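Happy to go through this one with you at the bench. Have the viewer open, and we can take the side chains and the backbone step by step.

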Amino acid sequence: MSTIIDVAKLAGTSPATVSRVINNKPVRPENYDRVTAAIKELRFEANASARSLKTKKTWNIGMVVPFMDFFYFMRIMKYAQQRLEEQGYSVMIMDSEGEQELEKEKVKKLMELNVDGFIIVLSENDCSYINEIASGMPVVLCDKVPNPIHHDVVVCDGANIVYKSVELLIKNGHENIGIICGPQVYYTAQERLKGYLRALEDYHYPIKESLVKYVAWDTKHGVRNAYDTTRELLNETPRPTALIASNYDLTKGSLLYMQDEGIKIPEEVSFVGYDFEELYEFYNPKMSMIFEDFEELGAQAARLLLRQLQSSGNISSEIVRVKSRLVLGDSIKKLK
């Protein structure tokens, strides 16, 4: 049976273009003509129901995320969806609202819809329920490394990039380096804090608990909480000469506070933020910023899931750590 890849090769287009034609999305007229001609020549069954009858697959993938209104999760899923659609799959996304019980219900619902596999961003580090609800199903977990590990996992390498950021600040003469962290129930927040602590330990700097702040985070109040926490941190003694905000909302809240209070960066406080692309381009001075590779995170999640879907036997689970990058701006002052 022909696949989308076969149609794309014959038509001289990308698989994504074939998928757009199949799903009645706009493409260039010349591409549409070539794709439809290839479909006819190969007798490709674009109808999902027809393919399902032959393969006993629904060609549907279930995705569950904690918060659909949080760009971090949705950008990962966007790129995973693109890769899956290139292979002929459709995607259904559900929101667990950060609650594990609701997450379980969403997974059960998707099971009832006979999806072929899952990509799940866990609301908590525990995923034992998956083996009960979706035993034997292809599953990829994003953003968290559960213990024990029974599934493929894709995460960003937060510890090493934060380590690199602290190291840079130390080499610029900073001793009192503050960090604003997300709740430690989240794996990514734990990893970023580990990078901060390990860098201080490796350079034999004392860890000052007053310079480590935790923000109670949710999609509605995360920025406001970061704003208040920045005020608290910058009023500590000793006052930090540098600050790392370790996610998007924390970066936004920190910068809003410093802007409102007229605190100059980097003259008064050096700053490293996280994933705030629009701010990186237009803020003056240009911020030093950590960026996660959302496209690679999504692509790896799709690759691992397709590997399971296409396997005829048991395969060992894999953990993929995607590197982040530190882009330097003008927000770090050299003290000595």
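**Rings, charges and backbone**

Q: Which aromatic cluster does Phe294 belong to?
A: Bear in mind as you look that this is a predicted model. Rings count as a pair if their centres lie within 6.5 Å. Phe294 belongs to one aromatic cluster, and its members are Tyr72, Phe73 and Phe294.

Q: How many aromatic pairs are found in the whole structure?
A: The search covers the whole structure, so look beyond the cluster when you count ring centres within 6.5 Å. The number of aromatic pairs found is four.

Q: Is the aromatic pair of tryptophan 59 and tyrosine 89 stacked, tilted or edge-to-face?
A: The ring centres of tryptophan 59 and tyrosine 89 are 4.7 Å apart, with 40° between the planes. Stacked needs planes under 30 degrees apart and edge-to-face needs over 60, so this pair is tilted.

Q: How many residues apart are tryptophan 59 and tyrosine 89?
A: Tryptophan 59 sits in the loop between helix H4 and strand S1. Tyrosine 89 is in the loop between helix H5 and strand S2. The pair therefore links distant parts of the chain, and the separation is 30 residues.

Q: Are tryptophan 59 and tyrosine 89 buried or exposed?
A: To count as buried, a residue needs under 20% relative accessible area. Tryptophan 59 meets that description, and tyrosine 89 does too: both are buried.

Q: Which kind of aromatic pair do tyrosine 227 and tyrosine 257 form?
A: Their ring centres are 5.3 Å apart and their planes stand at 90°. Because planes over 60 degrees apart fall in that class, the pair is edge-to-face.

Q: Which helices hold tyrosine 227 and tyrosine 257?
A: This pair also links distant parts of the chain, its residues being 30 apart. Both tyrosines are buried. Tyrosine 227 is in helix H10, and tyrosine 257 is in helix H11.

Q: How many residues apart in sequence are the parts tied together by lysine 213 and glutamate 236?
A: Side chains of opposite charge can pair when their charged atoms come close. Lysine 213 and glutamate 236 form a salt bridge, with the closest N and O atoms 2.6 Å apart. Lysine 213 lies in strand S7 and glutamate 236 in the loop between H10 and S8, so the parts tied together are separated in sequence by 23 residues.

Q: Is lysine 213 buried or exposed?
A: The relative accessible area of lysine 213 is 9%. Because this falls under the 20% cut-off, lysine 213 is buried.

Q: Where do arginine 231 and aspartate 228 lie?
A: These two residues form a salt bridge with closest N and O atoms 3.3 Å apart. Arginine 231 is partly exposed at 34% relative accessible area, and aspartate 228 is partly exposed at 29%. They are three residues apart, about one turn of the helix, and both lie in helix H10.

Q: Which residues are joined into one network with Arg303 by salt bridges that share partners?
A: Arginine 303 forms a salt bridge with glutamate 318, the closest N and O atoms being 3.0 Å apart. Arginine 303 is in helix H13, while glutamate 318 is in the loop between H13 and strand S11. Salt bridges that share partners join Arg303 into one network with Asp152, Arg307 and Glu318.

Q: Which residues gather in the patch of negative charge on the surface?
A: One of them is aspartate 126, found in the loop between strand S3 and helix H7. Aspartate 126 is partly exposed, with a relative accessible area of 37%. The full patch is Glu97, Glu99, Glu124 and Asp126.

Q: What is the phi of glutamate 97?
A: Glutamate 97 is in the loop between S2 and helix H6. The residue is not a glycine, yet its phi is positive, at about 55°.

Q: What is the phi of aspartate 143?
A: Aspartate 143 is in the loop between strand S4 and strand S5, and counts as buried at 6% relative accessibility. It is a residue other than glycine with a positive phi, near 80°.

Q: What is omega for the cis peptide bond from isoleucine 265 to proline 266?
A: Proline 266 has its place in the loop between H11 and strand S9. The bond joining isoleucine 265 to proline 266 is cis, and its omega is near 5°.

Methods. Residues numbered from 1 in each chain as written. Predicted model: local features only at pLDDT ≥ 70, side-chain atom pairs only at ≥ 80, totals over all residues. Heavy atoms only, no water. Phe/Tyr/Trp six-rings, centres within 6.5 Å; stacked < 30°, edge-to-face > 60°. Helix = DSSP H or I, 4+ residues; strand = E, 2+ residues; numbered from the N terminus. Buried < 20%, exposed > 50% of the residue type's maximum accessible area, 1.4 Å probe, protein only. Patch = residues over 30% accessible without salt bridge, like charges linked within 9 Å, V, L, I, M, F, W, Y side chains within 5 Å. Areas by Shrake-Rupley, 256 points an atom, 1.4 Å probe, with all protein chains shown as cover. Salt bridge = Lys/Arg side-chain N within 4 Å of Asp/Glu carboxyl O. Lys, Arg positive; Asp, Glu negative; His and termini not counted. Charge placed at Lys NZ, Arg CZ, Asp CG, Glu CD.
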